[in-house]
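Colleague: Hi, I have a few questions about this model. Could you pull it up so we can go through it together?
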Amino acid sequence: MSNRPPVPAPRRRTVLRGSLLASAAAAAHSAFAVAPAFALSGRPDAAWGVQVGDVTASSALVWVRSDRPALMRVETSASPSFRRARTWHGPLIGSLTDFTGTTALHGLPPGEQIHYRVTLSDPHDPRRTGRPVYGTFRTAPAGRRDGVRFLWSGDIAGQGWGINPDIGGYRVYDEMRRLDPDFFLCSGDTVYADGVLEAAVTLPDGRVWRNVTTPEKSKVAETLDEYRGNFRYNLLDANLRAFNAQVPSIVQWDDHEVRNNWYPGQILDDVRYTEKNVDLLAARSTRAFREYFPVSTLRGPSPERRMHRVVRHGPLLDVFVLDMRSYRDANSPNRQPDDTTGILGSGQLAWLKRELSRSRAVWKVIAADMPLGLVVPDGATDYEAVAQGDPGAPLGRELQIADLLRYIKHRRITGTVWLTADVHYTSAQHYSPERAAFKDFAPFWEFVSGPLAAGGFPANALDGTFGPDRVFVRAPDRANVSPMESPQFFGQVDIDGGSGELTVRLRAQGGSVLFSKVLQPGRTGQ
């Protein structure tokens, strides 16, 4: 693994792309190699790479993991030569955080390429330092001139498909990195803590899928250390480490960070688990998630920590990151005539309404970890997401979404677009009151992408309550199709700085654009 990522020089994306692609090979060699041993014995090793999260016009969070106790230091500069570097003294990294650490950067210049390097040193002798690890990112612009590009997807190492050395590991990350996005929105299922990985799986056509395996991936996660091991697993992939060094992320969770289809208060009857209390499992996963991802709202005092947040990316874009897992009611037939808890909880719903009203961004991307009008079953009688297949008036969790959509319409909030993953195929749905049982809302689009490195599944049925029209879909015709049999999917969003137009492209691994849609700014529905 090269410690120095591809380093863009000028700020303009059109100039950046050439230099980034030219140095791609230096950033990611063996895609399946375990993070290598450090050559300087006895000094801290940052071979798990670096990450940057929740970048704004003036701030960012830089993450690293050491192999032992260490002091974290971050240097930033406008130049890859690190002339006139600014130094940030980070935390003392130790076992309480599984040797991970995050340093907050503030007062950064807007719309600039920031080069950074992280150096770890011996707490007892700061002169004993490890080899620096390099990264780069762009701060959000203060104006509209340069526009915005970001990618989104989710669902990583699921359904028994992990890092396969025979196909070069998670190659999709290298493909996404080459598109040079401003950031990546990871829409949940960042790990599969309930997904065991076998060393080899025979495919229907007789080929064999081989997984890199670790002890923590040999059983479902229950202990804190097992959850930590699941979050470490994906970082064994060199493509992902190179991607992290160049592309900042906005990360949310869904269910598989804890276990499939979980909800607060659930008591498991799954024989694989000796710990049956899901709230305890969720607390352990939350701690590991907070240790392994740089998320701004998970850094404060414990009572104030939360997943949902707004990440502001200049005048063109606000990203509203939802948590459709932590505050939901129990999965059920989902036909109750009253439901004040819903899938968001009353507090998060009030927060979302308030923040949407305050937003002055041209586009307001609502990052949902589950789809709205797609029917997602949980067993024979219960439902996991918002819809339940009844095309009539809103029931159950649909009541809360109806309330939100009504609010958006009546407040004349423009530029809302819903992005999600979860269902392991890619599609575009247009929701319109003309087709809906519930009519008091403005038309909007929902785009689905994923999986990024997991099994593909057939398309889910639609629920007609909010009038979805599936304009495009690409999905396998059978369940749990491996990444060797079906391409992985991710989405690309470009916002033009001049016109303000937002273009969504649904992409398949291998370079193809499957579907695109251009949306015009300043409209309450389109």
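Colleague: Let's start with Ser-486. Where is Ser-486 found?
Modeller: Ser-486 sits in the loop between E22 and strand E23 (489-495). Keep in mind that this is a predicted model.
Colleague: Is Ser-486 buried or exposed?
Modeller: Its relative accessibility is 15%, and buried means under 20%, so Ser-486 counts as buried.
Colleague: And what does Ser-486 touch?
Modeller: Leaving out residues up to four places away in sequence, Ser-486 touches Pro-476 and Val-481.
Colleague: Okay, new topic: backbone oddities. Which peptide bond is cis?
Modeller: The bond from Gly-450 to Pro-451 is cis, with omega near 5°. Pro-451 belongs to the loop between strand E21 (444-448) and strand E22 (468-474).
Colleague: What about phi at Ala-157 and Gln-159?
Modeller: Phi is near 65° for Ala-157 and about 60° for Gln-159. Both values are positive, although neither residue is a glycine.
Colleague: Why point those out, along with the cis bond?
Modeller: Because most residues other than glycine have a negative phi, and most peptide bonds are trans.
Colleague: Where do Ala-157 and Gln-159 lie?
Modeller: Ala-157 is in the loop between strand E9 (148-153) and H3, and Gln-159 is also in the loop between E9 and H3.
Colleague: How do Ala-157 and Gln-159 count, buried or partly exposed?
Modeller: Ala-157 has 3% relative accessibility and so counts as buried. Gln-159, at 26%, counts as partly exposed.
Colleague: Now the interior. Which residues touch the most other members of the largest nonpolar core?
Modeller: Those are Tyr-173, Met-176 and Phe-289, in a core of 47 residues.
Colleague: Which elements give two or more residues to this core?
Modeller: Helix H3 (171-178), strand E10 (183-186), H4, helix H5 (238-246) and H6 do. The largest share comes from H6, with six residues.
Colleague: Back to Met-176. What is Met-176 in contact with?
Modeller: Setting aside neighbours within four places in sequence, Met-176 is in contact with Leu-151, Pro-181, Phe-184, Phe-243, Leu-452 and Phe-490. Another core, of 35 residues, lies apart from the one with Met-176. Among the residues of that other core are Ala-368, Ala-402, Trp-418 and Phe-441.
Colleague: You mentioned H4. How many residues of H4 are buried?
Modeller: Nine of the 10 residues in helix H4 (residues 224-233) are buried, so H4 is mostly covered. The buried ones include Leu-224, Tyr-227, Phe-231 and Tyr-233, as well as Glu-226 and Arg-228.
Colleague: What do the buried residues of H4 pack against?
Modeller: They pack against strand E2 (60-65) and helix H6 (278-292).
Colleague: Last one: how do H7 and H8 cross?
Modeller: The axes of helix H7 (residues 346-358) and helix H8 (residues 398-410) come within 11 Å and cross at roughly 15°. An angle under 35 degrees counts as roughly parallel, so H7 is roughly parallel to H8. The crossing is right-handed.
Colleague: Which residues make the contact?
Modeller: From H7 there are Ser-346, Leu-349, Leu-352, Lys-353, Leu-356 and Ser-357. H8 brings Gln-400, Asp-403, Leu-404, Tyr-407 and Ile-408.
Colleague: And what is the contact of H7 with H8 like by class?
Modeller: By class, the contact has six nonpolar, three polar and two charged residues.

How values were computed
Residues are numbered from 1 along each chain as its sequence is written. This is a predicted model: local features need pLDDT of at least 70, side-chain atom pairs count only at pLDDT 80 or more; totals for chains, interfaces and linings use all residues. Side-chain values use heavy atoms; hydrogens and water are left out. Buried means under 20% relative accessible area, exposed over 50%, partly exposed in between (1.4 Å probe, protein chains only). Helices (H or I, at least four residues) and strands (E, at least two) are DSSP runs, numbered from the N terminus. Contact means heavy atoms within 4.5 Å. A nonpolar core is a set of buried Ala, Val, Leu, Ile, Met, Phe, Trp, Tyr and Cys residues joined through side-chain atoms within 4.5 Å. Axes are lines fitted to C-alpha atoms, for helices over the stretch in contact, and angles run from 0 to 180 degrees between N-to-C directions. Angles under 35 degrees count as roughly parallel, over 145 as roughly antiparallel, 65 to 115 as roughly perpendicular and the rest as oblique. A crossing is left-handed if the near helix is turned anticlockwise from the far one by less than a right angle, and right-handed if clockwise. Ala, Val, Leu, Ile, Met, Phe, Trp, Tyr, Cys and Pro count as nonpolar, Asp, Glu, Lys and Arg as charged, and the others, Gly among them, as polar.
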